[in-house]
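Let's take a stroll through some strands and see who sits beside whom. Have the sequence and the 3D view ready.

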Amino acid sequence: MNQQLPFSTDIQIAICGSAGDGTIATGDILKRAMARAGYNVIAFDLYPPEIRGFGKCIARTRITSEQVYALKPRSDVLISLNDAYAIPHVHEVDDFGAVIYDDTPIAAVQEGEHISGHLAPAHLPYAIPFREISERTTSGAKSRNMVAVGYLAGLYGIPREVFHDIIQSKFKTKPAALTESILTAFDAGFVEGVATFHLGFNVPSEAPQSDEKDDVIMMSGNDAVVRGCLDAGIKTFFGYPITPATSIMEKLAVEMPRQGNSMVQTEDEISAIAAAIGAGFTGTRSATATSGPGLALMTEMMGLATIAEVPVVVFVSQRGGPSTGMPTKTEQSDLNLAVYGATGDGQRIVLAPTNVEGCYWCAGKAFEMAERYQCPVIVLLDLYLSNRYEAVVLSRINPFDQDCNTGVPKHQTDKPYRRFEITDDWLSPRAIPGEKGLQHVITGLEHNEFGRPNDQADVHAQMSHKRHQKLHAALTHPDITICKRFGDTGQVQIGLLGWGSSFGEILEALFKAQGEGITCAAMKVVMLSPFPTSEVIAFMDDCDAVLVPELNYQGQFANLVGAMVGRSVHRFTRVIGTPLHVDDILVEVRRLCDDPTAPPTPVNPATTQEKLT
Amino acid sequence: MTSVTQPVYLEEKLEDIRESGRLIYRSKALPTWCPGCGYYAIVEAMTDAMNRLGILSEDTVVVSGIGCASRFPFFVDTYGFHTLHGRVLPVATGVKVANEALNVIGVGGDGDGFAIGGGHIPHAARRNVDITYVLFDNGIYGLTKGQTSPTSVTGFETGTSPYQNQDNPLNPLLMLLSYGASWVGQAYAGNPHHLASMLEQAIAHRGFSYLHVLSPCVTFDKTSKTYRNLGMAIRDLPDQHDNRDLMAAMIEARHQETPALGLYYKEERPTLGDGLKTIVERSRNKE
């Protein structure tokens, strides 16, 4: 679809307002409309932890004709629905960018309180009376946000029908009069926008229509997880609400019963994973979803699933920590807990997708892997990935294997059944309750091949070996990206090694560095456990210096890499609660290029170039 | 109330058991409990109840937690899951939600159920998960060699209460009745025939059934809940007790000093599985 666009477009729009202004809803309409119009879209919202604290909300949407991987550090347009909140963000509007604001505040304002006094000389001011237009055309001022988005559409000459479709589908469960009023407000803004002096951006006068728009779906990381679960044939889900994972559970609560399946809200996270493991024992595909604090509670049960060899899938969306930390801020700081958090040597499979499409694949493949390798599988997301929207293209053919179980062959049922039989591939045939003659007990105690408790030295050694060895096959599991190299081939000056949601920023930094003549490659590691050691070593062999940017304090991924490959890497860590800044990574790349032995820059928010909070 | 009223001859007893057919429910593993432990009687009563109900071994899952009682699944020939300390009910709930056709029986001790696992009981009860929860109450932690439990009496001396336990014991029956369990009964390991009949009713009940089994720890409790003391204290529920009357059940449950055996309370109401089916129907009608 991208190739059909006649012009190269790359516009980022930030909408800033107070909770209650409809900021996030406006951003939602904008991104869906632009995706419908055939653009690539990446969007990410910031909102306060309070529901009605009049906290600051920002919805950023990047609209492009080419594939991009992250938001830009600076936006082209800022729409202010609340000047007090928007003023600190004026500086993030690019030179020759526009600031759209209400020229008629509700009350007289002191000098400096109006956004117009904060614009830089290079900014284009667009003052329009949102509130007046809303009040004139609808019953009140509540539709200010719709006037604003209508104005934006008119300004850019985007066909209003696309927006009408999206608004109608978004509000289809609401009274028709409300939808009508919203459309009226939108149109009033649109007319204003069309009549205004247009922005000089390189925008197609008529947005191209995608021929196969059904394949292009605007979805968040959590939406993609849900879609992956459903396509993989999930039968039971047990969960406990926690930000930012709750929307997985809420969407499954809608979709699973439609397929005749069960979503149960449990009393806590321990119960959630315990029930998911109980369901896994019966042979059905089962999962739970949580964040760091919930995963901490689940670690004992993860160990049980490991030793009892029961499949279970756990989606973990990280947020700022430790403890309750920053529930509505993003961070990549639960890697240690996901990879190592268990009693004993409890290795499990950990997948960390890097984009929304990856969330879909990892979710579906997690069920295949849990079943095939009879173990827990963690899919590690974070708030940025869970809540970020991208237009993704999904195949209409379900790509997931619906049955990866190693069952017990019929002719073996007359022999005493060994649930934990040592086999060539370390995977034991698994019987499930209901199968006659194969009754057995699984246990969290160390056990022999029959599953009987046994703590003899040779039994524990053999079973520990089995539980680790069987996971190696996951590194060659079909149709999943374990790790992947991007950028320049051959020997390069700088290698960027990354994981999870921040890999988008890493790729953007890579392209900028290449533009400056630095030879540069990047590798994303999707499977964190078991670790693709040989691939990472091969990549590092090609790099004069290796930089590992990530969103946590210690450099948890850098530690993992160091432990697995036995080489040192350059850390680049930030704990800012927001995505990494592309330009900050770029600065570090340049520095490392000049002096490959440079010490790392300190993890101090004050050193970050511009704060996007 | 003692169960042995006439001499029992081993040969005859074994013949009875063989003829009954209940041996098929016993696993080949020998129980690992101390000689004289009341839990042997629970295994016997369980196989007896399963045999009388005619349920199939392969369609039955016994889920347990951690503790002496939780070794139970190894001694019956069904599917079994020996899980974590206190997590019997969540795991059992998962098994039942995933496969309604299975008979799911949860077993565990007083520490497992009412200390570490206490938070799960109200939710299994209110959801009316169609499982049977058999709680083996010996009022002590046996597998860790004798410490106080939530049902230990005040004044009990153990390894962790050398100067006597100062906490009040919980009243499990009163808790279960107020949580909304749809079947609540009590039995005594020293009366295996009554125990078997209570287990049979509990398993047959459609909904969450809770059977509290009083059972002495012969190794670590020489003073409190012994066969002698329990044997003297227990009584039957009054003949006129109406097991549809929740308040009457609660009044009876208050007498912990003289525990009454029998069915305290029973009601029929939709199970978790019924609720999930309703949700499926609603979701399809709403589309």
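Which residue of β10(B) does Gly185(B) stand opposite? That would be Leu263(B). Keep in mind that you're looking at a predicted model.

## Around strand β10

Gly185(B) and Leu263(B) face each other where two strands meet. Strand β7 of chain B covers residues 183-188, strand β10 of chain B covers residues 260-266, and the two pair in the antiparallel sense over four bridges.

β10(B) also pairs with strand β9 of chain B, residues 235-236. This time the strands run parallel, joined by two bridges. Look for Arg235(B): its bridge partner in β10(B) is Ala260(B). There's a helix to add here too: β9(B), helix α9 (residues 246-253) of chain B and β10(B) form a right-handed β-α-β unit.

## Strand β4 and its neighbours

Now jump to strand β4 of chain B, residues 132-137. It runs parallel to strand β3 (residues 103-109) of chain B, with five bridges between them. Ile105(B) has Thr132(B) as its bridge partner in β4(B).

β4(B) pairs with strand β8 (residues 209-214) of chain B as well, again running parallel, through six bridges. Here Val134(B) is partnered with Leu211(B) in β8(B).

## Which way do the side chains go?

In a regular strand, side chains take turns between the two faces of the sheet. For β4(B), Thr132(B), Val134(B) and Phe136(B) point one way, while Tyr133(B), Leu135(B) and Asp137(B) point the other way.

So is β4(B) covered or not, and how many of its residues are buried? It's mostly covered, with six of its six residues buried.

Terms used:
Residues numbered from 1 in each chain as written. Chains lettered and ligands numbered in written order. Predicted model: local features only at pLDDT ≥ 70, side-chain atom pairs only at ≥ 80, totals over all residues. Pairing = 2+ DSSP bridges. Right-handed = clockwise from strand over helix to strand, strands pointing away. Buried ≥ 20, exposed ≤ 12 C-beta atoms within 10 Å, placed from the backbone.
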